[in-house]
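Me: I would like to learn how to read a few features of this model with care. Could you take me through them one at a time?

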Amino acid sequence: MLYDKPAHSRKHRAETKAKIKSAELTLIQVLELAKSDAILGKMRVSELLESVPGVGKVRANALMTRLAISPTRRIQGLGIHQLIALKKEFALPPSPFGRGKLLVLSGPGGVGKSTVAARIA
C-alpha cells in the first residue's frame with residue numbers, strides 16, 4: 001500500500017481545525033505548533049481563522065485586510081509583525097477565576113428564580 005502524503009496532510013490539518021473549533025487548541029497554540037510542523041505551516045491563514053469559533057469568512061477576511069495579510073498567505077509565510085498582531089488579536093486576558101460555570105434557572109413567573117439567583121451570586 002502506497003503512502004498518500006496529500007491525504008495525510010489534509011487529514012492532519014482537518015484534525016487541527018476541529019481541535020480549534022472544540023477549544024482543545026487555541027489559535028496561538030497552532031501558530032506555535034506551525035513553527036515546527038511543516039504540514040500546519042502550509043495551512044492558509046484564512047482556513048485557520050475560519051476554524052476559530054465565532055469567526056466566519058467575512059470576519060476572517062476583514063481581519064486579514066486590517067492586518068495586511070494576503071488572502072492566499074500560509075502560516076509559514078507570515079511576517080513577525082503579522083504574527084504578533086494575530087496573537088494580540090486572539091489573546092485572552094487571564095481570568096483570576098478560571099473557567100466559569102453556567103447555571104440556568106427556569107420556571108414560571110413568580111416562583112422565586114430571581115431570589116434564588118441573588119442568593120447564589
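Reply: What follows moves from confidence to salt bridges, and then to single residues.

Reply: This is a predicted model, in which local features need pLDDT of at least 70 and side-chain atom pairs count only at pLDDT 80 or more, whereas totals for chains, interfaces and linings use all residues. Residues are numbered from 1 along each chain as its sequence is written, and side-chain values use heavy atoms, with hydrogens and water left out.

Me: What is the mean pLDDT of the protein, and which elements have the lowest and the highest mean values?

Reply: The term pLDDT stands for the predictor's confidence in each residue, on a scale from 0 to 100. The protein has a mean pLDDT of 86, with 89% of its residues reaching 70 or more. Elements here are DSSP runs numbered from the N terminus, namely helices (H or I, at least four residues) and strands (E, at least two). Among the elements of the protein, the lowest mean pLDDT (86) belongs to helix α7 (residues 113-120) and the highest (92) to α4.

Me: How many salt bridges does a search of the whole structure find?

Reply: A salt bridge is counted when a side-chain nitrogen of Lys or Arg lies within 4 Å of a carboxyl oxygen of Asp or Glu. By that criterion the search of the whole structure yields five. One of the pairs is Glu-47 with Lys-17, whose side chains meet at 2.9 Å, N to O. Since Glu-47 belongs to helix α4 (residues 45-50) and Lys-17 to helix α1 (residues 5-21), this pair ties together parts that are 30 residues apart in sequence.

Me: Are Glu-47 and Lys-17 buried or exposed?

Reply: Relative accessible area is computed with a 1.4 Å probe on protein chains only, and buried means under 20%, exposed over 50%, and partly exposed in between. Glu-47 is partly exposed at 27%, and Lys-17 is also partly exposed, at 23%.

Me: Which residue forms a salt bridge with Lys-87, and which parts does the pair tie together?

Reply: Glu-32 does so, with the closest N and O atoms 2.4 Å apart. Glu-32 lies in helix α2 (residues 27-33) and Lys-87 in helix α6 (residues 80-89), so the pair joins parts that are 55 residues apart in sequence. Glu-32 is partly exposed, at 35% relative accessibility, and Lys-87 is likewise partly exposed, at 22%. A network of salt bridges links Glu-32, Lys-35 and Lys-87.

Me: How far apart are the closest N and O atoms of Lys-57 and Glu-50?

Reply: They are 3.7 Å apart in the salt bridge between Lys-57 and Glu-50. Lys-57 counts as exposed, at 58% relative accessibility, while Glu-50 is partly exposed, at 23%.

Me: With which residues is Ser-46 in contact, leaving aside its neighbours within four places in sequence?

Reply: Contact means heavy atoms within 4.5 Å. Once those neighbours are set aside, Ser-46 is in contact with Met-64 and Pro-71. Ser-46 lies in helix α4 and is buried, with a relative accessible area of 12%.

Me: Where are Ala-23 and Ala-68 found, and what phi values do they have?

Reply: Ala-23 sits in the loop between α1 and α2, and its phi is positive, at about 65°, although it is not a glycine. Ala-23 counts as exposed, at 59% relative accessibility. Ala-68 is placed in the loop between α5 (57-66) and α6, with a positive phi near 60° in a residue other than glycine. Ala-68 is exposed as well, at 58% relative accessibility.
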